[in-house]
Structure formats: C-alpha cells, structure tokens
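Work through the exercises below with the sequence and the model side by side. Each task is followed by a solution in steps.

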Amino acid sequence: MEFLSNITKCTPRCSVVSSNIVDGKVTTEELEELINSKWLKAKEQIYPELTQYLDSWMGFMFWKPDLRFNLKHHLKSHTIVGRNDQEVEENVCNFVQDLLNSPYYPKRSPWEVSVINNYKNELLSKECVNGELSLVVFRFHHSLGDGFSTLKAITGLFDKSLPEICLPSMKQLGITSWWKRLFFCITLPLRMLYDSFNLAYLAIMQSSPLQVPDLNKSKRMFCQRLPLIPIENIKTLKNRLGVSFTTVLLTGLATGLAKAMYRLDIETKQTNRPNSLRRKTTPFVTLLPLPGHPNKLRNHFTFTILELPTKLEMESQQRLKMISSILKTARQNTIPLLIVFLLRAIGSLPPVMTKLFRRHLGTPVGLTNFPGPGIEMEVTGKKVLVADFVVGTQGLSGVGFMVFSFRNHIRITATVEEAVMDKSAANQMLEYIAEEFDNLNELSKKSEVQFKN
C-alpha cells in the first residue's frame, strides 16, 4: 500500500526482521557476492530501492538514488556470547530487539544483513553436518516492502522461488451461487458504508490496557516468543474440532490476551472500572496480502479490523465457536476492498490523511499470520535449519503477534511496547497461549471420543 511510505517518517521502527539458522559457516564475503548477483546486478533490476533512500517533499515521501551507495555499509558481522543455549537465545532476542528499535542510517537504503558465526544450539547441532552453525539476520524497513516481498527477496537470494499467491475466488468469500454474487455486487456500496461506520466506531470507542497511551510517545519495543510448535499439532486440533487452522490459532491468542488484560487490570488497580475484568471483545488489525503480488519490493496488501472475544470467563469451546463464526462472517467484510479502492482512486495519501489513519486506526493488537515456505532453503549450498520472522509495530499497536510457519513448524512471536507491559507480563501472556493449546488438545480428544461413540 502506497500510504505506508508516508507513515515511515513517523514510524522509524516499523521493520521486518528475518533470522535464519544455517548449517555451516556463512561469511559476509559470500553474502556480498550473492547480493550483488541476485539483488543489485541482476539482468532485471527488480529491487532498485535497495540502492535508494527515502526523501521528502511537501510532506510526501519518495525514493531517491544513493549516489554514494556502498554494499559494505549494509553487511555486518556480530558475535553472540552465552554459556548455554538459554543464554544464547536470550542474547539473540536482545540482538533482534536492538534491531527493531535502532534507527536506520540517514540517506541510506533502510536495510541490512548481519552474520553471526559463533551461534550455538545443542539441539540443532544434532542436525548439523558441517560442524558449525551461522545465524543470518535480515532487517528491512516496512517502507521497502511487506512480509511477502521481503520473503520473496530472501528466498530468491537463497536460490529458491516462493510460489505465486493464488487469486481469491468467490468460493473463498463464501459466495457460491450466481444470484448471491449478483446480490453481493448490488449491495456492495451499502455494505461498504455499514462496514466503514463499524470500523470508525471500533477505532474511536476502543479501550484496552493494551492500547499505546500516546502513539507519538511510544517507547522501546521488545519481543518474546514461544518454542517451535509442530504444524501437525495444530492440524490435528483443527481436524478433531472441525474448525479452521486460523480458528485454532486465534482461540489461543484470544485466551492469552484475555488473561493478560486481567493481569494488567489487577496490577494497575483498575478493577473498579465498570466491566474492566469482563472486556467482551478486543479489536485487532490483521494484514491480508492482495492477489497478484508483484515480484518486487512492494507493500501490496490490505487489512481488516476484527474483534476477538476476550471475555475472561468464556470457556474454550464457546470462544472457539465464536471465533469460527467471526471468521466466516469476515469473508464478506468489505473493508479490505474499500481500502484498496480508496488507494487506487486517490493514490498516495496526503500527509494529513496519513496522520488521521495513524491516530484513529492504531489498534491495541496487530496480527500477521504468515505462511512461510514449506520448501528447503540453502545459503551458498548450506541448509537453512530454522527461519523466524518478527515485525516491529512501533506507533501502530501495543501488542503485535507474528505467526510464522517454516517447513514443519510454526513460531508465535509477540512484539510489545514497553509502555503497555513488561517482559514478565509478555512471557506470561505467551504461556497462557500455550496453555490454551493444551486445553484445546484435551477438548479435541473428548470431541473425538464423542464422535466415535
């Protein structure tokens, strides 16, 4: 989306960071050769912004060539220390947090690649055939592109190509018969008007302890993550429970959020507020990739805002059914279409409208459900064992979730504003999510037994 370029001046810490654990030693010289051949000096120049920087005119942002571009400025080598796996992982998380919070060098393209050659992990060492592990970390500012763009660029660098994103069909929208399609098209303006008023109501009336107190004074972000979860575990749950993969994930997130907000209410002594401990719903923004994603660095996505049921007393099965129903209804929500229509109609948004978007559409919670490649990836012939993504949400959401899948596992990462909660509370929130997956597992076993009987 073009308006993101306008937001960049206000949100310098809105970055996409990808961490890749590689079986073998990777040097900055090898990466320099790869980047030159695949990104910078390829026959088709599809990534020109990598040698350009953002400049402004009359409040609008545009890309300007860097006449002093030097690739070495974007390649760095680092050392991570630690006496055991736990310390190493903690220091890696601190390193990623520093990347999320650090500004980019002025008048240089906002991206960089870091290489850590002394990375240690006893569990992954069992899969290692080259005797050592390397950690290759990419950081892109969101103005360069969305998650799919950066993933395509990275997989292209690793001699792999990400499959094209399929065009959504009417069946995916829940519209199967011709007369229903016709009715949907005829009533589209009214649907857009209704959904717009509902969106405005959510943006203005929302109140949550997860809301950033002041978007212009947001503080440092930090990120915490759950251990890797086998994809088969989630698939088993969704098959037993008869719901979608996304429904299972959102049920875990909603429960974690409900319990986290209860804890924040207790800690901030807000229990005397009406319904403070019984917050029925919490709005969250989720990004949706648009069809026909270009093979370039672009922000080619839209978004919608939904409401997660976060009432504390709600049982797992009730929350699961409600989220399943919300997702089915959301298929016909016109907000994603409206956003695309507005951007195509007026192009890049004026700075004044950008500020309005940012002030009133900043939601307490953000979610990116990101299906990564299920294919094997290599760096200079060395296998990528684990890949992670994390997105900075500074100035946009108090809590941002990234659900990223790679090969046979998923990772859930939370990026949190310090003004919203501390690390202890964030860790507890993730533990609540993991506990809810355990609860759903027990529930699914009972459902399976009942079905057989």
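The exercises cover a helix, the cysteines, two enclosed or open spaces and two single residues, all in a predicted model.

**Exercise 1. Decide whether helix α5 (residues 147-157) is largely enclosed or open, and describe its two ends.**

Step 1. List the buried residues of α5: G147, F148, S149, T150, L151, K152, A153, I154, T155 and L157.

Step 2. Set this against the length of the helix. Ten of the eleven residues are buried, so α5 is largely enclosed by the rest of the structure.

Step 3. Find what covers these residues. The cover includes the strands β1 (15-23), β6 (133-141), β9 (281-289), β11 (365-371) and β13 (382-391), together with helix α2 (28-40).

Step 4. Inspect the ends. At the start of α5, D146 places a side-chain oxygen within 3.2 Å of the backbone nitrogen of F148. After the helix comes D159, with a positive phi near 65°.

**Exercise 2. Determine how many disulfides the structure holds, and explain the case of C93.**

Step 1. Search the whole structure: the number of disulfides is zero.

Step 2. Recall what is being sought. A disulfide is a covalent bond between the sulfur atoms of two cysteines.

Step 3. Check C93. The closest cysteine sulfur belongs to C223 and is 5.3 Å away, which is too far for a bond, because the cut-off for a disulfide is 2.5 Å.

Step 4. Classify by accessibility, with buried meaning under 20%. C93 has 14% relative accessibility and counts as buried. C128, at 17%, counts as buried too.

**Exercise 3. Describe the largest cavity and name the elements that line it.**

Step 1. Count the cavities: the whole structure has five of 30 Å³ or more.

Step 2. Take the largest cavity, whose volume is about 100 Å³.

Step 3. Read off its lining: V17, S19, V92, C93, V96, C223, Q224, R225, D388, F389, V390 and T413. Two or more of the lining residues come from each of β1, α3, β7 and β13. Both C93 and C223 from Exercise 2 are in this lining.

Step 4. Sort the lining by type: seven residues are nonpolar, three polar and two charged.

**Exercise 4. Characterise the second largest pocket by volume, lining and composition.**

Step 1. The volume of this pocket is about 840 Å³. Its lining has 31 residues, of which E89, N121, R225, P227 and R411 are the closest to the centre.

Step 2. Assign the lining to elements. At least two residues each come from β1, α3 (85-101), α4 (122-125), β7 (221-225), β13, β15 (409-417) and α13 (423-452). The largest share, eight residues, is from α3.

Step 3. Sort by type: the lining of the second largest pocket has 13 nonpolar, nine polar and nine charged residues.

**Exercise 5. Give the setting of L337 and of G400.**

Step 1. Place L337 in helix α11 (residues 335-346). With a relative accessible area of 43%, L337 is partly exposed.

Step 2. Look beyond four places in sequence: L337 is in contact with L188 and M192. The C-alpha atom of T302, 35 residues away along the chain, is 7.9 Å from that of L337.

Step 3. Place G400 in strand β14 (residues 399-406). Its relative accessible area is 5%, so G400 is buried.

Step 4. Beyond four places in sequence, G400 is in contact with G366, T393, T413, A414 and T415. A414 is 14 residues from G400 in sequence, with 5.6 Å between the C-alpha atoms.

How values were computed
Residues numbered from 1 in each chain as written. Predicted model: local features only at pLDDT ≥ 70, side-chain atom pairs only at ≥ 80, totals over all residues. Heavy atoms only, no water. Buried < 20%, exposed > 50% of the residue type's maximum accessible area, 1.4 Å probe, protein only. Helix = DSSP H or I, 4+ residues; strand = E, 2+ residues; numbered from the N terminus. Contact = heavy atoms within 4.5 Å. Polar contact = N/O pair within 3.5 Å; in protein donor to acceptor, adjacent residues only side chain to side chain. 1 Å grid on protein atoms, 1.4 Å probe; cavity = no way out; pocket = protein on both sides within 12 Å on 5 of 7 lines; lining within 4 Å. Points joined across faces, edges and corners; volume = space filled by probe spheres on them. Nonpolar A, V, L, I, M, F, W, Y, C, P; charged D, E, K, R; others polar.
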